[in-house]
Amino acid sequence: MTDTVRIDKWLWAARFFKTRSLATDAVDKGKVRLREERVKPARPLRPGDELFIDNGADSWEVRVLGLSEQRGSAPVARLLYAETPASAARRAHEAEQHKLFREPGAAIKGRPSKRDRRQLSKASGAD
């Protein structure tokens, strides 16, 4: 193991993004911040650094525990970081809210049919 690794490689290895190019794009767009600062994809990452990561589906606040340039299995990737208690509580609360309120169009796969459109408009109150 090295003492530093590029932030985009680490995000990919820790399985926050499916591909390294997705990780690079997220860092470029400001979706990943190191200690509340925007960074570039080549920024070296060290153990102990604190990251805010928004991968589209979830947002995480993590502390880097280990470094890796290779993508491994999910249990191995989970050892590379520790999520803050506040972040874990927020994500659990958002998951609970998502269970309680389902999006009206979530059950529809692909383009809605005429019947599906009628049900959507009825659910949203539009006539």
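The paragraphs below lead through a predicted model, moving from its nonpolar core to its strands, its salt bridges and its backbone angles.

A convenient place to begin is the interior. In soluble globular proteins, nonpolar side chains tend to be buried together. In this model the largest nonpolar core has 22 residues, and those with the most contacts inside it are Trp10, Leu11, Phe16, Val32, Leu51 and Ile53. The elements that give two or more residues to this core are α1, α2, β2, β5 and β6, so that both helices and strands are represented among the contributors. Val32 gives a view of the surroundings from a single residue: leaving aside its neighbours within four places in sequence, Val32 is in contact with Ile7, Leu11, Phe17, Ala26, Val27, Val39, Leu51, Phe52 and Ile53.

Two of those contacts, Ala26 and Val27, lead to helix α2, which spans residues 20-28 and whose buried residues are Ala23, Thr24, Ala26 and Val27. Seen down the axis of α2, these buried residues fall within an arc of 160°, and they therefore line one face of the helix. What covers the buried residues of α2 includes α1, at residues 7-13, and β2, at residues 32-34. The helix is followed by Gly30, whose phi is positive, near 85°.

The strands β5 and β6 also give residues to the core, and they run antiparallel, joined by five bridges. Within this pairing Ile53 stands opposite Trp60 in β6; Ile53 is also one of the residues with the most contacts inside the core. The hairpin of β5 and β6 has four residues between the strands, and in it Gly56 takes a positive phi near 100°. β6 also pairs with strand β7, residues 81-83, in the antiparallel sense over three bridges, and here the bridge partner of Arg63 is Ala82 in β7. In a regular strand the side chains alternate between the two faces of the sheet.

The charged side chains add another set of links. Side chains of opposite charge can pair when their charged atoms come close, and a search of the whole structure finds nine salt bridges. In one of them the side chains of Arg35 and Asp49 meet, with an N to O distance of 2.6 Å. Because Arg35 lies in the loop between β2 and β3 (37-38), while Asp49 lies in the loop between β4 (44-45) and β5 (50-54), the pair ties together parts that are 14 residues apart in sequence. The two partners fall into separate accessibility classes: Arg35, at 48% relative accessibility, counts as partly exposed, whereas Asp49 is buried, with a relative accessible area of 7%.

A further salt bridge joins the side chains of Asp58 and Arg91, at 3.5 Å from N to O. This pair links distant parts of the chain, with Asp58 in the loop between β5 and β6 and Arg91 in helix α4 (residues 85-100), 33 residues apart. Both partners are partly exposed, Asp58 with a relative accessible area of 28% and Arg91 at 22% relative accessibility. Arg91 also forms a salt bridge with Glu83, the closest N and O atoms being 2.8 Å apart, and Glu83 is buried, with a relative accessible area of 17%. Elsewhere, Arg6, Asp8 and Arg20 are linked in a network of salt bridges.

Helix α4, which holds Arg91, is also the place of Pro85. At 71% relative accessibility, Pro85 counts as exposed. The C-alpha atoms of Pro85 and Glu61 are separated by 8.9 Å, although these residues are 24 residues apart along the chain.

The backbone angles in the loop between β2 and β3 complete the picture. Arg35, the partner of Asp49 in the salt bridge described above, has a positive phi of about 50° although it is not a glycine. Glu36 is found in the loop between β2 and β3 as well, and Glu36 has a positive phi of about 65°, again without being a glycine. As for accessibility, Glu36 counts as exposed at 64%, whereas Arg35 is partly exposed, with a relative accessible area of 48%.

Terms used. Residues numbered from 1 in each chain as written. Predicted model: local features only at pLDDT ≥ 70, side-chain atom pairs only at ≥ 80, totals over all residues. Heavy atoms only, no water. Buried < 20%, exposed > 50% of the residue type's maximum accessible area, 1.4 Å probe, protein only. Arc of directions from axis to C-beta. Contact = heavy atoms within 4.5 Å. Salt bridge = Lys/Arg side-chain N within 4 Å of Asp/Glu carboxyl O. Pairing = 2+ DSSP bridges. Core = buried A, V, L, I, M, F, W, Y, C linked by side-chain atoms within 4.5 Å.
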